[in-house]
Amino acid sequence: MQDILEQALSGENLNENELVKLYDLDIFTLGKAADSIRTQKYQKKAFFNLNRHINPSNICADVCKFCAFSAHRKNPNPYEMSLDDILAQATASYNNGAKEVHIVSSHNPNYTYEWYMNVFREVKKALPQIHIKALTAAEVDFLDRKFGKGYKQVLADMLEAGVDSMPGGGAEIFDEGVRAYICKGKVSSTRWLEIHRHWHSLGKMSNATMLFGHVESKVHRINHMLRLREAQSPQDKVDSKQGGFNAFIPLLYQRHNNYLDVKEFPSGQEILKTISIARILLSNIPHIKAYWATLGINLAVVAQEFGADDLDGTIEVESIQSAGGAKSKNGFDKDELIFQIKNAGFTPVERDSLYNEIRVYA
């Protein structure tokens, strides 16, 4: 196992069946290796941003077994926001200091194609300085299938309408057997990667996620990471922020109010090992985010010792993870976030959406 770790750290081309043995290492050995990479890159900095999540609707054409957000029998509260609602939320958050608005939604069959693009245009017109992170690859694929545009045209229209970067949602687990069980009919793993690659070719950045802790195996997680590593843009493009993945975000599955009857939940050690392995394997993806909205703030801060360097941001209102049981509905106070980071011995760094440093709280 120690040999596997050394080979992984040296960049040898190992497969998922070999690399899965990293999980058998003790957490301190694995964490030390990941932390050494993290420290070399960022010293004791821990990044966060001031952002607002806006989810325009929970009415969805797809039925994913893991999802507690979309309107269904376990969540019989469908809603649709108007453009005025979205603008009001975005403006209020911007006036409160938010630098980013994160707009993702369900696959709503009632909205028109023009509705989506008009939302982005109007938000950018009202708030030209705000960064719009919008539409997962799954949503892009949905718009392609519903309106026959082709995903390249959808991405071009997003760019023209003012979208600045893409979130990493919809990746779930790339293994198609697992996808057929948990999110049948949703974007395929191949198409998800194609969409992000093309977005990167347009000179734009995005994030990548992995939903773990449900019915997938550890081998599936490793395979997912390796496919992301292979899909990353050349290093010069990533470094100059001219196209590529900004961050990898392991999203911990939330087990309430959905149709996956998961009996065994990952331990804290397994979660931290997954984050450490991500830092070791994804040498060409700059940042590893310990997303506090799924991990909880305490574990997210601890994860900064195990390879992660980012916690996401204030969010203000969080609807997707909290629907599944996460304690994230009301976002997180900036001052409290800074306190938690400092208390753990790290230096809080407010960043923009592309990881340019705005303020260091020494």
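# Strands, rings and backbone in a predicted model

Strand E4, which spans residues 131–134, is covered on both faces: His131 and Lys133 are buried on one side, and Ile132 and Ala134 are buried on the other. The structure discussed here is a predicted model.

## Strands E3 and E4

Strand E4 has a parallel partner in strand E3 (residues 100–103), and four bridges join the two. Within this pairing, Ile103 has Ala134 of E4 as its bridge partner. The connection from E3 to E4 passes through helix H5 (residues 113–126), and the resulting β-α-β crossover is right-handed. Ala134 therefore appears in two roles, as a buried residue of E4 and as the bridge partner of Ile103.

## The four-stranded sheet

A further set of strands forms an open sheet of four, ordered E9-E1-E10-E11, in which the pairing is mixed. Strands E9 (310–313) and E11 (357–360) stand at the edges; each has a single partner strand, so one side of each is left without a neighbour in the sheet. From one strand to the next, the twist averages 30°.

Strand E1 (residues 45–49) pairs with E9 in the parallel sense, over two bridges. Phe47 has Asp310 as its bridge partner in E9. Strand E10 covers residues 347–351 and includes Val349. Val349 counts as buried, because its relative accessibility is 0%. Although Val349 and Phe48 are 301 residues apart along the chain, their C-alpha atoms are separated by 6.3 Å.

Another separation involves Gln269, a residue of helix H12 (residues 268–281). Gln269 and Leu311 are 42 residues apart in sequence, and their C-alpha atoms are 18 Å apart in space. Gln269 counts as partly exposed, at 46% relative accessibility.

## Aromatic pairs and charges over rings

The structure holds nine aromatic pairs. In one of them, the ring centres of Tyr42 and Phe47 lie 5.6 Å apart and the ring planes stand at 90°, so the pair is edge-to-face. Tyr111 and Tyr116 also form an edge-to-face aromatic pair, with 5.9 Å from centre to centre and 90° between the planes. Tyr42 and Phe47 belong, with Tyr355, to one aromatic cluster.

The residues of these two pairs are buried, as the following table of relative accessible areas sets out.

| Residue | Relative accessible area | Class |
|---|---|---|
| Tyr42 | 12% | buried |
| Phe47 | 2% | buried |
| Tyr111 | 8% | buried |
| Tyr116 | 5% | buried |

Phe47 thus links two descriptions: its ring takes part in the edge-to-face pair with Tyr42, and the residue is bridged to Asp310 in E9.

Lysine side chains also sit over aromatic rings. The charged end of Lys44 sits over the ring of Phe346, at 4.1 Å from the ring centre. Lys149 lies over the face of Tyr113, and here the distance to the ring centre is 4.6 Å.

## Backbone with positive phi

Most residues other than glycine have a negative phi. Gln43 has a positive phi, near 55°. This residue is placed in the loop between helix H3 (27–42) and strand E1. Gln43 is partly exposed, with a relative accessible area of 43%.

Asp312 likewise has a positive phi, near 75°. Asp312 lies within strand E9, one of the edge strands of the four-stranded sheet. With a relative accessible area of 6%, Asp312 is buried.

## Cysteines

How many disulfides does a search of the whole structure find? The search returns zero. Among the cysteines, Cys60 counts as partly exposed, at 25% relative accessibility. Cys183 is buried, with a relative accessible area of 2%.

Definitions and conventions. Residues are numbered from 1 along each chain as its sequence is written. This is a predicted model: local features need pLDDT of at least 70, side-chain atom pairs count only at pLDDT 80 or more; totals for chains, interfaces and linings use all residues. Side-chain values use heavy atoms; hydrogens and water are left out. Rings of Phe, Tyr and Trp (its six-membered ring) pair if their centres lie within 6.5 Å; planes under 30 degrees apart count as stacked, over 60 as edge-to-face and the rest as tilted. Buried means under 20% relative accessible area, exposed over 50%, partly exposed in between (1.4 Å probe, protein chains only). A charge sits over a ring if NZ of Lys or CZ of Arg is within 6 Å of the ring centre and within 35 degrees of the ring normal. Two strands pair if DSSP finds at least two bridges between them. A crossover is right-handed if, with the strands pointing away from the viewer, the path from the first strand over the helix to the second runs clockwise. Axes are lines fitted to C-alpha atoms, for helices over the stretch in contact, and angles run from 0 to 180 degrees between N-to-C directions. A disulfide is a pair of cysteine sulfur atoms within 2.5 Å.
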